[in-house]
Amino acid sequence: MAVRAVRGAVQLDEDDAGEMERRVGELLAAVLERNDLAVDDLISIWFTATPDLHSDFPAAAARKIGIVDVPLICAQELDITGAMPRVVRLLAHVESPRARADIAHVYLGAAAGLRKDIAQ
């Protein structure tokens, strides 16, 4: 089984803890589903959030949906002028039999515009 990295992002409609939980939950569910992964296949997840998000940690949303024994970390995204606001990004390290080229990177909603080259 190979170790692979999966990228993803989602934009929140507002800086709200419930919105963080819903949107990050959607993103994680899509990453798992599109890559035929189970929670046991997760090695670790690195989350970043844009500086305008203050309501909750993305990792807290992951814990609430059952990702409880996977190492998670959160960091603040660079504060770049003109960057898309209210965005949570993730980099998940997973065990997968898929080739690197077959990994489905997940960019939901408006966040799909962030990486048109790899978003599927």
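In this predicted model, L90 makes a good starting point for a tour. Setting aside its neighbours within four places in sequence, L90 is in contact with V6, R7, G8, L27, L28, V31, I45, W46 and F47. L90 also belongs to the largest nonpolar core, a set of 29 residues, and it is listed there with L28, I45, F47, L72 and V88 as having the most contacts inside the core. Two or more core residues come from each of β1 (2–11), α1 (17–34), β2 (42–49), α2 (58–64) and β4 (87–96). Helix α1 gives the most, with seven residues.

Charged side chains offer a second view of the fold. The count of salt bridges comes to six. One of them joins R23 and E26, with 3.5 Å from N to O. Both residues sit in helix α1, three residues apart, or about one turn of the helix. Within this pair, R23 is buried at 17% relative accessible area, whereas E26 is partly exposed at 40%.

Other pairs link distant parts of the chain. R98 meets D36 in a salt bridge whose closest N and O atoms are 2.8 Å apart. R98 lies in the loop between β4 and β5 (106–107), while D36 lies in the loop between α1 and β2, 62 residues apart. D36 counts as exposed, with 62% relative accessibility.

E77 and R89 form a further salt bridge, their closest N and O atoms lying 3.6 Å apart. Here the loop between β3 (72–76) and β4 is linked to strand β4 across 12 residues. E77 is partly exposed at 23% relative accessible area, and R89 is buried at 16%. Finally, salt bridges with shared partners join E21, D56 and K64 into one network.

Methods. Residues are numbered from 1 along each chain as its sequence is written. This is a predicted model: local features need pLDDT of at least 70, side-chain atom pairs count only at pLDDT 80 or more; totals for chains, interfaces and linings use all residues. Side-chain values use heavy atoms; hydrogens and water are left out. A nonpolar core is a set of buried Ala, Val, Leu, Ile, Met, Phe, Trp, Tyr and Cys residues joined through side-chain atoms within 4.5 Å. Buried means under 20% relative accessible area, exposed over 50%, partly exposed in between (1.4 Å probe, protein chains only). Helices (H or I, at least four residues) and strands (E, at least two) are DSSP runs, numbered from the N terminus. Contact means heavy atoms within 4.5 Å. A salt bridge is a side-chain nitrogen of Lys or Arg within 4 Å of a carboxyl oxygen of Asp or Glu.
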